[in-house]
Amino acid sequence: MSADVARRVALGAQGFADAAPTGSVTKRHMKRVMGRLKVLQLDSIPIVIRTQYLPFHSRLGPYDPALLDRVAYKDDSWFEVWAHEASILPVESEPLIRWTWDKAREGRTWKNLHEVSVREPNYVQSILDEVREKGTVTGGTLDDPRPIPGDGSGWWNRSLGVMALDWLYRVGDLGVRRQGNFEKVFTPIENIIPAEIRSLPAPSPEDAFAELMVQSVQAVGVGTAKDIADYFRVSVRDARPVLANLVEDGRIVDATVKGWPDPAFADPNAKTPRAITGATVLSPFDPVVWFRERAERIWDFEYRIEIYVPAHKRRYGYYVLPVMVDGDLVARLDVKTDRQDGVLRIQASHAEPGHDNLDTAARVADAVRDLSQLVGVDKIEVTDSGDLAKWLLKCV
């Protein structure tokens, strides 16, 4: 297939060609998008809005972010787990994750937490018993948190109790809900995963891995082995033979994309949208750009997070969001939500080659206005930093 077809297949697989809601966004819309994504990456940085809220906005338009919290943490339709980093998955995917919990329990991952479980088994068991007795616990409400001696500068120095809670989460004994300022609330996993799912027999690690690879191919539409392995953050070395077997079984197909240096795989049921329309900002951790190598291959869009780069070395700004217009990445904006003043601040706006013009700025302005609705502010302020700013100032 051509690179253009591959791009449309990829965006179609991610839900960018699905019909937009004609009214308010509902739980049904949210679940439809999650069905496309398969996995949603979490991040606690609220510079604009926490990143998990943005992929739904990019596909559905402005909505009430509290809806995501209701679906995930009140209805328990989704559950938190370590998949593509800290993530949310549909509860139906829980059987496919059990092998990762077993690996942790055997000490093959999360070795520092495993050491705690080996060194302090009775204490860890007491923490599990406490959560089961109380129903919900936070790190700050443990009866015996056991602060760890030290200078307190490291994440792990908060308390032994927090480490025990995190271990019990990593091995699937506890689940996580969120409250307040994204605070973790631990509860027995059976309070989140329905009994009918928990009672399902666990697939073998090999079968679970293969199913995750199928889901990855469905989510990317078309991608290289590296693209597919990155989706659930598994080893590409482990993924390659599984992908070959899936081709033999007819569950995925080989693909060749003009201009891509590596062979690819595709979902045989993927659709090729005639066009992708609309303008929206993307999360830095949206699945279409979270694997930077793939974003550069598909759009020639070199994208790096610069929040940890010294200010004088940044190219585009502190917290930069890509802007997609009609399926193309046309600009990037350094954005900050000033909640105290009720302002969405566009601190820098840069156009991609060929898009430094008023037409692009008008479409970017549409995306910015939608974003302001999502984050709940009434005003937008654009600075004159960046080559798109002179045009964007005319449109916002």
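Student: What makes strands 6, 8 and 7 an open sheet, and in which sense do they pair?

Tutor: Three strands stand in the order 6-8-7, with antiparallel pairing; two strands pair if DSSP finds at least two bridges between them. Strand 6 (222-224) and strand 7 (253-255) are the edge strands, each pairing on one side only. On average, neighbouring strands here are turned by 40° against each other, direction ignored. This is a predicted model, where local features need pLDDT of at least 70, side-chain atom pairs count only at pLDDT 80 or more, and totals for chains, interfaces and linings use all residues. Residues are numbered from 1 along each chain as its sequence is written, and side-chain values use heavy atoms, leaving out hydrogens and water.

Student: How do you know that strand 7 and strand 8 pair?

Tutor: Count the bridges: strand 7 and strand 8 (residues 264-266) share three, in the antiparallel sense, and at least two are needed, so the pair qualifies. Val253 stands opposite Ala266 of strand 8. Strands here are DSSP runs of E with at least two residues, and helices are runs of H or I with at least four, numbered from the N terminus.

Student: What is the angle between helix 10 and helix 12, and what is it called?

Tutor: Helix 10 and helix 12 pack at about 80°, with axes 10 Å apart. Those axes are lines fitted to C-alpha atoms over the stretch in contact, and angles run from 0 to 180 degrees between N-to-C directions. Helix 10 and helix 12 are therefore roughly perpendicular, the word for 65 to 115 degrees (under 35 is roughly parallel, over 145 roughly antiparallel, the rest oblique).

Student: Which residues make that contact?

Tutor: Helix 10 brings Phe209, Ala210, Met213, Val214 and Val217, while helix 12 brings Asp238, Ala239, Val242, Leu243 and Leu246; contact means heavy atoms within 4.5 Å. By class, nine are nonpolar, none polar and one charged (Ala, Val, Leu, Ile, Met, Phe, Trp, Tyr, Cys and Pro are nonpolar; Asp, Glu, Lys and Arg charged; the others, Gly among them, polar).

Student: Which strands are the edges of the five-stranded sheet, and why are they called that?

Tutor: The order is 9-10-11-12-13, with mixed pairing. Strand 9 (279-281) and strand 13 (379-382) each pair on one side only, and these are the edge strands. Neighbours in this sheet are turned by 30° on average, direction ignored.

Student: How many bridges join strand 10 to strand 11?

Tutor: Six bridges join strand 10 (residues 320-325) to strand 11 (residues 328-338), and the two run antiparallel. Val323 stands opposite Ala331 in strand 11. Helix 14 (residues 358-375) lies across strands 9, 10, 11, 12 (343-351) and 13, at about 40° to strand 11.
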